[in-house]
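Good morning. I was asked to walk through one protein model, and I will keep it short.

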Amino acid sequence: MTARVHPNVAVPSLGQPAAAPADEEPVTLTVWRKSLLFNCRGFTVFDARGNLVYRVDSYASDSRAEVVLMDAAGRPVLTVRRRKLIGLGADQWLVYAGEETRRTPPLYAVKRAGAAAQYMRGGGAKCMAHVAPCSGAVAGKAAAAAGGAGGYEVEGSYLRRCCTVYDERRRAVAEVRPKEAVGSDVFRLVVQPGMEVSLAMAVVLALDQMFGKPSLLRSWSS
């Protein structure tokens, strides 16, 4: 199974994929809920050619409430930081550019949908989470550049690796799909043109902390 998951892992030369123009094809990634580093938990992400694109490495001893999404060369792309709030299900996962979370405003806030919002739509999809752009001139411009100035809604089931991200116009802009015959720890992330690929991956990281069983980033979700 390992060879099928990361055939070209020795070539970490790709940088951050940008949002594709509207006339380009969707970006399909293979997401593996495993770090390639010893004694780490995390994610390893490959493109359709088998090249390493993203990685998340979290040591078991790391007690920070955040994880950093890195490109293949180890450069920070986005940081997803958990913000604990008072109230059941009130926690938020804030998405920052790079790895600086103290001096810069977040770009997005990802929040689990409340019980009243987790209803079955006519097509059978359940609302799981909301992704809202954060206020502030810098954050607002960055969010617009990522293709999501109006925010997103996530529907479906992350546990089944079958969920869809919709934009404010109810267009499907990203999907998590199961990958045949390799188990739930390996799945596909399909991102449509116009949405930032790294943002879609950041949403996956937040969903994994909300719904993943077990969470590979144990210290982060404690």
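I will go from the overall picture to a cavity, then to salt bridges, and end with two loops.

What you see is a predicted model, not an experimental one. The protein has 222 residues, and 49% of them count as buried. Its secondary structure comes to four helices and twelve strands. If we take the contacts with a separation of 6 or more, 44% of them are between residues 24 or more positions apart.

Now to empty space. Rolling a probe the size of a water molecule over the atoms shows where empty space is left. How many cavities of 30 Å³ or more does a search of the whole structure find? The search finds one. The volume of this cavity is about 40 Å³. The elements that give two or more residues to its lining are strand β10, residues 162–166, strand β11, residues 172–178, and helix α3, residues 197–211. Helix α3 gives the most, with four residues. If you want to find the place on the screen, look for Cys-163, Val-165, Ala-174 and Leu-189, which are among the lining residues. Ala-200 and Leu-207 also belong to the lining. What classes of residue make up this lining? There are nine nonpolar residues, no polar ones and no charged ones.

Next, the charged side chains. The structure holds eleven salt bridges, and I will show three of them.

Arg-75 pairs with Asp-71, with 2.9 Å from N to O. Are the two partners buried or exposed? Asp-71 is buried, because its relative accessible area is 3%. Arg-75 has 47%, so this residue counts as partly exposed.

The second pair is Asp-167 and Arg-171, at 2.7 Å from N to O. Asp-167 has a relative accessible area of 5% and is therefore buried. Arg-171, at 44%, is partly exposed.

In the third pair, the side chains of Arg-188 and Glu-180 meet at 3.2 Å, again N to O. Glu-180 is exposed, because its relative accessible area is 57% and the cut-off is over 50%. Arg-188 has 24%, so Arg-188 is partly exposed. Elsewhere in the list, salt bridges that share partners join Arg-33, Asp-185 and Asp-208 into one network.

Last, the backbone. Most residues other than glycine have a negative phi, and most peptide bonds are trans. Here are two residues to set against that.

Arg-161 is not a glycine, yet has a positive phi of about 55°. Where does Arg-161 lie? Arg-161 lies in the loop between β9 and β10. With a relative accessible area of 5%, Arg-161 is buried.

Arg-170 also has a positive phi, near 65°, and is a residue other than glycine. Arg-170 is in the loop between β10 and β11. At 41% relative accessible area, Arg-170 is partly exposed.

Which residue does the side chain of Arg-170 meet in a polar contact of 3.5 Å? The partner is the side chain of Glu-153. Glu-153 sits in strand β9, residues 152–157. Glu-153 is buried, because 18% relative accessible area falls under the 20% cut-off.

To go back over two points: the lining of the cavity has nine nonpolar residues, and the structure holds eleven salt bridges. That is all I have.

How values were computed:
Residues numbered from 1 in each chain as written. Predicted model: local features only at pLDDT ≥ 70, side-chain atom pairs only at ≥ 80, totals over all residues. Heavy atoms only, no water. 1 Å grid on protein atoms, 1.4 Å probe; cavity = no way out; pocket = protein on both sides within 12 Å on 5 of 7 lines; lining within 4 Å. Points joined across faces, edges and corners; volume = space filled by probe spheres on them. Nonpolar A, V, L, I, M, F, W, Y, C, P; charged D, E, K, R; others polar. Salt bridge = Lys/Arg side-chain N within 4 Å of Asp/Glu carboxyl O. Buried < 20%, exposed > 50% of the residue type's maximum accessible area, 1.4 Å probe, protein only. Polar contact = N/O pair within 3.5 Å; in protein donor to acceptor, adjacent residues only side chain to side chain. Contact = heavy atoms within 4.5 Å.
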